[in-house]
Amino acid sequence: MISESLHSIYQQYKHDTEVVASWLATTAKAFGYSDPIGVGESSTAETPVKPSGRLKGKERKKAKAAQASGEKLPEQLPEPSKP
C-alpha cells in the first residue's frame, strides 16, 4: 500500500499538472490557436512519410549499372517528348 504522504504528494502533482494544462489551453485560445486541444493525437502520427524518390541499396546499384550499360529498367518511365 502507498504511504499517506506519497499519496498526498501524488495528488498535489496531479492538481498542479491540471492547473498548468488549463493555463496552457486558455493561453493558446487567447492567441488564436484554433485546433482542438486535448484530443490526444500527435501530429507526427498523422503525417505520412513520403518517399524521397531516390532508390536505396541494391536497387540503386542496379539502376547505376543499368544506366552505365545503357539498359532501360522497367521502373524507369520514358522521357516526355517536347512539342
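1. Helix 1. This helix covers residues 4–30, which is 27 residues. From first C-alpha to last it reaches 39 Å, close to the 39 Å expected at 1.5 Å a residue. The model is predicted, so local features are taken at pLDDT of at least 70. Glycine 32 follows helix 1, with a positive phi near 90°.

2. Overall make-up. The protein has three helices and zero strands. Read from the N terminus, the order of elements is α-α-α.

3. Burial and surface. Of the 83 residues in the protein, buried ones make up 4%. The accessible surface is about 8300 Å². Carbon and sulfur atoms account for 60% of that surface.

4. Helix 3. There are 13 residues in helix 3. The span from first C-alpha to last is 19 Å, close to the expected 18 Å at 1.5 Å a residue. Glycine 70 sits just after helix 3 and takes a positive phi of about 85°. Compare the other end-of-helix glycine: glycine 32, after helix 1, also has a positive phi.

5. The salt bridge. How many salt bridges does a search of the whole structure find? It finds one. Glutamate 59 pairs with lysine 62, and their closest N and O atoms are 3.7 Å apart. Both residues lie in helix 3. They are three residues apart, about one turn of the helix. An α-helix has 3.6 residues a turn, so residues three or four places apart point the same way.

6. Exposure of the pair. Are the two partners buried, exposed or in between? Glutamate 59 has 34% relative accessibility, so it counts as partly exposed. Lysine 62 is also partly exposed, because its relative accessible area is 46%. The class runs from 20% to 50%.

7. Positive patch. Which residues form the positive surface patch? They are Arg54, Lys56, Arg60 and Lys64. Arginine 60 belongs to helix 3, residues 57–69. Its relative accessibility is 36%, so arginine 60 counts as partly exposed. Patch members need over 30% relative accessible area and no salt bridge. Lysine 62, in the same helix as glutamate 59, is taken up by its salt bridge with glutamate 59.

8. Drawing the helix 3 points together. Helix 3 holds both partners of the salt bridge, glutamate 59 and lysine 62. Helix 3 also carries arginine 60, one of the residues of the positive patch. Glycine 70, with its positive phi, comes just after helix 3.

Definitions and conventions. Residues are numbered from 1 along each chain as its sequence is written. This is a predicted model: local features need pLDDT of at least 70, side-chain atom pairs count only at pLDDT 80 or more; totals for chains, interfaces and linings use all residues. Side-chain values use heavy atoms; hydrogens and water are left out. Helices (H or I, at least four residues) and strands (E, at least two) are DSSP runs, numbered from the N terminus. The expected span of a helix is 1.5 Å times one less than its number of residues. Patches are made of residues with over 30% relative accessible area and no salt bridge: like charges are joined within 9 Å, nonpolar side chains (Val, Leu, Ile, Met, Phe, Trp, Tyr) within 5 Å. Accessible areas come from the Shrake-Rupley method with a 1.4 Å probe; for residues, only the protein chains shown count as cover. A salt bridge is a side-chain nitrogen of Lys or Arg within 4 Å of a carboxyl oxygen of Asp or Glu. Lys and Arg count as positive and Asp and Glu as negative; His and the chain ends are not counted. The place of a charge is taken as NZ of Lys, CZ of Arg, CG of Asp or CD of Glu. Buried means under 20% relative accessible area, exposed over 50%, partly exposed in between (1.4 Å probe, protein chains only).
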